[in-house]
Amino acid sequence: MQNITVIGSGTMGNGIAHVFAQHGYKVQLVDMKAEALDKAIATITNNLGRQVSKGTITEDIKTATLANITTGTDLATGVKDADLVVEAATEHPETKLNIFKQLSDLCKPDAILASNTSSISITKIAAATNKPEKVIGMHFMNPVPLMQLVEVIRGYATTDEVTAKVMEISRKLNKVPVEVNDYPGFVANRILMPMINEAIYTLFEGVAGVAEIDTVMKLGMAHPMGPLQLADFIGLDVCLAILRVLHDGLGNPKYAPCPLLVNMVTAGHLGVKSGSGFYKYTAGSKELVVAPKFSKV
């Protein structure tokens with residue numbers, strides 16, 4: 001597999017494109033909006049520049065990586081030569097189902113169709129296609145260039161051959177693939193999201209403040225980042241969407257999202273991406289400041 005198409009040029013999509021291109025694959029990055037693609041290329045360029053400044057890659061590798069990426073807004077053109085398609089669109093079931101329904105008609109018969117979904121059923125996504133045996137989950141972690149794990153999720157119909165190929169290509173990216181089965185939240189988010197949700201409940205119920213909760217988990221549990229800061233980093237809207245998938249799919253009230261999380265997303269306080277969540281984010285500043293809403297909790 002040499003030709004890779006990545007659908008969606010947001011945080012995850014541009015990171016996935018970056019990693020494949022850096023390892024010599026020809027990458028077509030597809031998004032509905034040209035301005036989103038321009039932003040993605042600027043982000044990849046900046047991230048590669050950071051790698052050069054740290055000495056982890058050379059200027060020649062940066063140049064070659066950027067040369068391996070082409071962009072476009074037409075889905076049919078973007079996927080027609082793809083050996084592997086990695087969908088990294090918004091974490092919305094109907095959006096993903098619509099994309100995969102189109103992919104099964106537009107792609108080569110032997111193309112593998114992967115989703116970077118963090119919680120939505122691969123079996124459900126595959127059922128929207130005419131080749132469910134070729135559909136698999138390829139869940140990268142954020143930030144993609146730095147994080148080693150790829151959660152490889154087998155749908156009900158995914159073949160051994162497809163799974164083996166995705167495990168192999170993940171290793172060629174210097175990632176560590178872990179094969180898991182298709183149940184709500186898979187492994188990573190089935191464990192992580194209830195912890196984040198419980199941290200939000202701990203704040204909601206007044207047990208402790210934002211900084212105090214995160215400090216306990218960092219110093220007491222050796223977590224590199226507290227759960228509330230991590231939620232901001234992931235995106236509170238994404239956390240809410242995953243918790244709803246867990247709640248609906250497993251039917252257990254322990255997965256019900258905290259009302260505070262629901263209210264924050266409704267109000268548009270989504271974390272880093274919106275500039276405010278549990279913390280306040282200012283462009284160019286690395287100082288971690290508790291959001292005014294929670295400064296007196």
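Apart from neighbours within four places in sequence, Thr65 is in contact with His18, Ala21, Gln22 and Leu48 in the predicted model. Thr65 itself lies in helix α3, which covers residues 59-67. The relative accessibility of Thr65 is 1%, and the residue therefore counts as buried, the limit being under 20%.

The overall architecture was examined next. The protein comprises twelve helices and ten strands. For a chain of 297 residues, a compact globule would be expected to have a radius of gyration near 19 Å, and the value computed for the protein, 19 Å, agrees with this expectation. The C-alpha trace extends over about 55 × 45 × 35 Å along the principal axes. Of the 297 residues, 46% are buried. Among contacts with a separation of 6 or more, 65% are accounted for by residues 24 or more positions apart.

The surface and the charges were also described for the protein as a whole. An area of about 14,200 Å² is exposed, and 56% of this area is supplied by carbon and sulfur atoms. The protein carries 27 positive and 28 negative charges, and the mean positions of these two sets are 3 Å apart.

Ten salt bridges are present in the structure. One of them joins the side chains of Lys108 and Asp83, with an N to O distance of 2.7 Å. This pair connects distant parts of the chain, since the two residues are 25 residues apart. Lys108 is placed in the loop between α5 (93-106) and β5 (112-115), whereas Asp83 is placed in the loop between α4 (75-79) and β4 (84-87). The partners differ in their exposure class: Lys108 has a relative accessible area of 25% and is partly exposed, while Asp83 has a relative accessible area of 17% and is buried. Because the limit for a buried residue is under 20%, the value of 17% places Asp83 in the buried class.

A further group of charged residues consists of Glu87, Glu91 and Lys96, which are linked in a network of salt bridges. Within this network, Lys96 pairs with Glu87, and the closest N and O atoms of this pair are 2.4 Å apart. Lys96 also pairs with Glu91, in this case with the closest N and O atoms 3.7 Å apart. Both of these distances fall within the 4 Å cut-off for a salt bridge. With respect to solvent, Lys96 is buried, with a relative accessible area of 0%. Glu87 is likewise buried, also with a relative accessible area of 0%. Glu91 is buried as well, as is its partner Lys96.

His92 was considered separately. This residue is located in the loop between β4 and α5. A relative accessible area of 38% makes His92 partly exposed, because this class lies between the limits of 20% and 50%. His92 and Ile120 are 28 residues apart along the chain, and their C-alpha atoms are separated by 8.3 Å.

Methods:
Residues numbered from 1 in each chain as written. Predicted model: local features only at pLDDT ≥ 70, side-chain atom pairs only at ≥ 80, totals over all residues. Heavy atoms only, no water. Helix = DSSP H or I, 4+ residues; strand = E, 2+ residues; numbered from the N terminus. Rg over C-alpha atoms; globule rule 2.2 N^0.38 Å. Buried < 20%, exposed > 50% of the residue type's maximum accessible area, 1.4 Å probe, protein only. Contact = heavy atoms within 4.5 Å. Areas by Shrake-Rupley, 256 points an atom, 1.4 Å probe, with all protein chains shown as cover. Lys, Arg positive; Asp, Glu negative; His and termini not counted. Charge placed at Lys NZ, Arg CZ, Asp CG, Glu CD.
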